[in-house]
Amino acid sequence: MRPLHRIIGTIILVFVLYFGVTGLIVQSIDLRAIATHAAATDPEMLAIRESIDGTPNFAVIQAGDYAAAALPPQFDIGRSSRLARLCRAACVGR
């Protein structure tokens with residue numbers, strides 16, 4: 001019984017080490033991309049955001065959304081939301 005236990009344990013050990021090593025490699029690649037501030041169109045950054053971008057035929061967020069310029073400091077969010085409502089009402093005809 002002991003030899004069978006050792007064989008099964010060795011197979012499980014190899015399997016667990018494989019998962020540990022490959023997971024460590026993938027995480028280190030992701031961390032390197034984040035630490036070096038990779039571009040939004042970098043394949044690694046696209047892979048990191050794959051789950052929040054939506055399906056390939058219906059992308060919710062584009063790579064350009066992450067690379068967009070910041071809003072200017074004098075930008076008034078309240079005023080712009082009011083302008084957006086007025087424009088929407090004008091387009092819809094309400």
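This is a short guided tour of a predicted model, to be followed with the structure open in a viewer.

**First stop: helix H1**

Begin by selecting residues 2–35, which make up helix H1. How does its span compare with what is expected at 1.5 Å a residue? The 34 residues of H1 should span 50 Å, and the end C-alpha atoms of H1 are 48 Å apart, which agrees with that expectation.

**Second stop: a nonpolar patch**

Now select Met1, Leu4, Ile8, Ile12, Phe15, Val16, Tyr18 and Phe19 together, and show their side chains: these residues form a nonpolar patch on the surface, with about 930 Å² of accessible area together. While looking at the spacing of these residues, keep in mind that an α-helix has 3.6 residues a turn, so residues three or four places apart point the same way. Leucine 4, one of the patch residues, lies in helix H1, and it counts as partly exposed because its relative accessibility is 47%, a value that falls between the 20% limit for buried and the 50% limit for exposed.

**Third stop: leucine 13 and leucine 17**

Stay in helix H1 and select leucine 13, which is partly exposed, with a relative accessible area of 48%. Then move along to leucine 17, also found in helix H1, where the relative accessible area is 49% and the residue is again partly exposed. If you draw a distance from the C-alpha of leucine 17 to the C-alpha of arginine 49, you should find 27 Å, for two residues that are 32 apart in sequence. A second line, from the C-alpha of leucine 13 to that of valine 92, covers 64 Å, and here the separation in sequence is 79 residues.

**Fourth stop: aspartate 30**

Next, select aspartate 30, which is still within helix H1. Is this residue buried or exposed, and which side chain of opposite charge is nearest? Aspartate 30 is buried and yet has no salt bridge, since the nearest side chain of opposite charge, that of arginine 32, is 8.5 Å away, whereas a salt bridge requires the charged atoms to be within 4 Å. Leaving aside residues up to four places away in sequence, aspartate 30 touches Glu44 and Ile48.

**Fifth stop: histidine 37**

Move on to histidine 37, which follows H1 and sits in the loop between H1 and helix H2 (43–48). Its phi is positive, about 55°, although histidine 37 is not a glycine. Histidine 37 counts as exposed because its relative accessible area is 70%.

**Last stop: helix H4**

Finish by selecting residues 77–92, which form helix H4 and reach 22 Å from the first C-alpha to the last, close to the 22 Å expected for its 16 residues. How many of these residues are buried? The count is zero, and H4 is hardly covered.

Terms used: Residues numbered from 1 in each chain as written. Predicted model: local features only at pLDDT ≥ 70, side-chain atom pairs only at ≥ 80, totals over all residues. Heavy atoms only, no water. Patch = residues over 30% accessible without salt bridge, like charges linked within 9 Å, V, L, I, M, F, W, Y side chains within 5 Å. Areas by Shrake-Rupley, 256 points an atom, 1.4 Å probe, with all protein chains shown as cover. Helix = DSSP H or I, 4+ residues; strand = E, 2+ residues; numbered from the N terminus. Buried < 20%, exposed > 50% of the residue type's maximum accessible area, 1.4 Å probe, protein only. Lys, Arg positive; Asp, Glu negative; His and termini not counted. Contact = heavy atoms within 4.5 Å. Expected span 1.5 Å × (residues − 1).
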